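Biologist: Please take one part of this model and look at it closely, then work outwards from there to the rest of the chain. I would like the numbers stated plainly and in a connected order.

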Amino acid sequence: MPITMNPTTPARLRLDRALDGLDDTFRGMTARADEVQCDCHWGSPEELALLKTPDVVLSPDLLRRTWDAPDWADHGAVLRRILPQFARALVGGRVEPMFGMYEVGRSFARGHWRQWPAHQSSAMWEFLHAWWARSLVDPAPAVPVHEILALCGEASTTLGPWLTVWEALDHEMSDRHLAEAAAAWEYDLLGDQLPWDARDYDDESGMRGELAAWLVRHVPRRLHLRKGSVLGGPSLAGPPLLNRPPPPDVRGRRRYKTRVRRPA
């Protein structure tokens with residue numbers, strides 16, 4: 001059933017079509033017949049059997065345990081089985097990872113979705129891009145835009161395409177989300193850290209530099225254009241964002257901050 005979005009806009013229609021496309025593309029998919037899972041820590045044989053049965057709706061708890069498990073023999077097949085339901089749960093804000101939405105992106109990456117057959121990987125790309133475009137102009141997205149960027153960055157192992165779309169979009173809501181994201185990310189970046197836990201240090205270092213450079217280049221100019229609008233707030237009143245010195249307790253926080261790292 002398509003997500004109800006009123007009033008209708010091109011971005012909303014595109015997302016509806018992308019979700020319908022996932023339904024069409026992945027209908028009838030199942031996990032591998034020989035897929036196994038630990039019945040002590042993951043779930044029962046009866047629950048595992050549901051993943052080998054096409055198109056059965058999973059309970060929210062079973063859906064969570066399925067996408068979150070890092071040790072499937074064929075993670076891609078499991079993702080293809082749950083993707084239509086999973087995507088709609090994501091868009092509806094019904095997915096709650098333990099640490100952040102970047103965990104969902106890492107689950108997608110574990111499934112090697114970009115190596116799927118072309119029609120499947122294209123449907124996945126379109127979903128991510130349609131969800132991203134819709135969220136940027138949504139006054140109240142179910143998932144914060146900065147969390148969706150972390151998800152998309154981890155899923156695709158790049159931030160470039162997502163930042164390019166954001167930068168090109170001249171829309172008051174996208175600028176509001178930009179101000180909120182900059183405030184959420186500021187002190188992590190000033191402390192030389194990516195605002196989410198990347199899969200490995202090389203990913204984190206590259207993404208951190210790209211994100212920080214983009215914010216320094218783009219945020220002050222973009223938000224200055226909106227000065228006096230509904231944005232307002234301290235980020236516009238002070239020096240350009242990310243040019244302020246960090247407070248004393250932020251300097252060197254990489255040395256002392258312990259980050260919980262989950263299996264890749």
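**From one helix outwards**

Modeller: Arginine 64 has a relative accessible area of 35%, so this residue counts as partly exposed, since that class lies between the limits of 20% for buried and 50% for exposed. Please keep in mind that the model is predicted. Arginine 64 sits in helix α3. Its C-alpha atom is 8.2 Å from that of proline 97, although the two positions lie 33 residues apart along the chain as a separation in sequence.

The helix around arginine 64 spans residues 60-68, and its buried residues are Leu62, Leu63, Arg65, Thr66 and Trp67. The buried list thus includes an arginine, Arg65, while the arginine at position 64 is partly exposed. What do the buried residues of α3 pack against? Their partners are α2 (45-51), α4 (75-91) and α5 (102-110).

The loop that leads from α2 to α3 contains aspartate 55. The phi angle of aspartate 55 is near 65°, which is positive in a residue other than glycine. Most residues other than glycine have a negative phi. Aspartate 55 is partly exposed at a relative accessible area of 48%.

Two of the partners of α3, namely α4 and α5, also pack against each other. Two packed helices are described by the angle between their axes and the distance between the axes. For α4 and α5 the angle is about 145° and the axes are 10 Å apart. The crossing is left-handed. On the α4 side the contact is made by His75, Leu79, Leu83, Phe86 and Leu90, and on the α5 side by Val104, Ser107, Phe108 and Arg110. Sorted by class, this contact has 6 nonpolar, 2 polar and 1 charged residues.

Leu90 and Phe108, both part of that contact, appear again in the largest nonpolar core. This core has 66 residues, and those that touch the most other members are Leu90, Phe108, Phe127, Leu128, Trp131 and Trp166. Which helix gives the most to the core? It is α4, with 9 residues. In soluble globular proteins, nonpolar side chains tend to be buried together.

The surroundings of leucine 90 can be listed in full once its neighbours within four places in sequence are set aside. Leucine 90 is then in contact with Val95, Met101, Val104, Phe108, Phe127, Trp131, Val143 and Leu151. Of these, Val104 and Phe108 belong to α5 and take part in its contact with α4.

Past the end of α5, histidine 112 is placed in the loop between α5 and α6 (118-136). Histidine 112 has a positive phi of about 50° although it is not a glycine. With a relative accessible area of 49%, histidine 112 is partly exposed.

Another helix pair lies further along the chain. Helix α7 (residues 145-156) and helix α8 (residues 160-168) have axes that come within 9 Å and cross at roughly 145°. In α7 the residues involved are Val145, Leu149, Cys152, Gly153 and Ser156, and they meet Trp162, Leu163 and Trp166 in α8. This contact has 6 nonpolar, 2 polar and no charged residues. Trp166 is also one of the core residues that touch the most other members.

Two positions outside the helices bring separated parts of the sequence together. Threonine 9 lies in the segment before α1 (10-26) and is partly exposed at 25% relative accessibility. The C-alpha atoms of threonine 9 and arginine 134 are separated by 9.2 Å, with their places 125 residues apart along the chain as a sequence separation. Aspartate 192 lies in the loop between α9 (172-190) and α10 (201-225) and is partly exposed at a relative accessible area of 39%. Aspartate 192 and alanine 212 are 20 residues apart in sequence, and their C-alpha atoms are 9.3 Å apart in space.

For the protein chain as a whole, the secondary structure comes to 12 helices and 0 strands. Of its 264 residues, 47% are buried. Of the contacts between residues at least 6 apart in sequence, 70% join residues at least 24 apart. The exposed area of the chain is about 12,600 Å², and carbon and sulfur atoms supply 56% of it.

How values were computed:
Residues are numbered from 1 along each chain as its sequence is written. This is a predicted model: local features need pLDDT of at least 70, side-chain atom pairs count only at pLDDT 80 or more; totals for chains, interfaces and linings use all residues. Side-chain values use heavy atoms; hydrogens and water are left out. Buried means under 20% relative accessible area, exposed over 50%, partly exposed in between (1.4 Å probe, protein chains only). Helices (H or I, at least four residues) and strands (E, at least two) are DSSP runs, numbered from the N terminus. Contact means heavy atoms within 4.5 Å. Axes are lines fitted to C-alpha atoms, for helices over the stretch in contact, and angles run from 0 to 180 degrees between N-to-C directions. Ala, Val, Leu, Ile, Met, Phe, Trp, Tyr, Cys and Pro count as nonpolar, Asp, Glu, Lys and Arg as charged, and the others, Gly among them, as polar. A crossing is left-handed if the near helix is turned anticlockwise from the far one by less than a right angle, and right-handed if clockwise. A nonpolar core is a set of buried Ala, Val, Leu, Ile, Met, Phe, Trp, Tyr and Cys residues joined through side-chain atoms within 4.5 Å. Accessible areas come from the Shrake-Rupley method with a 1.4 Å probe; for residues, only the protein chains shown count as cover.
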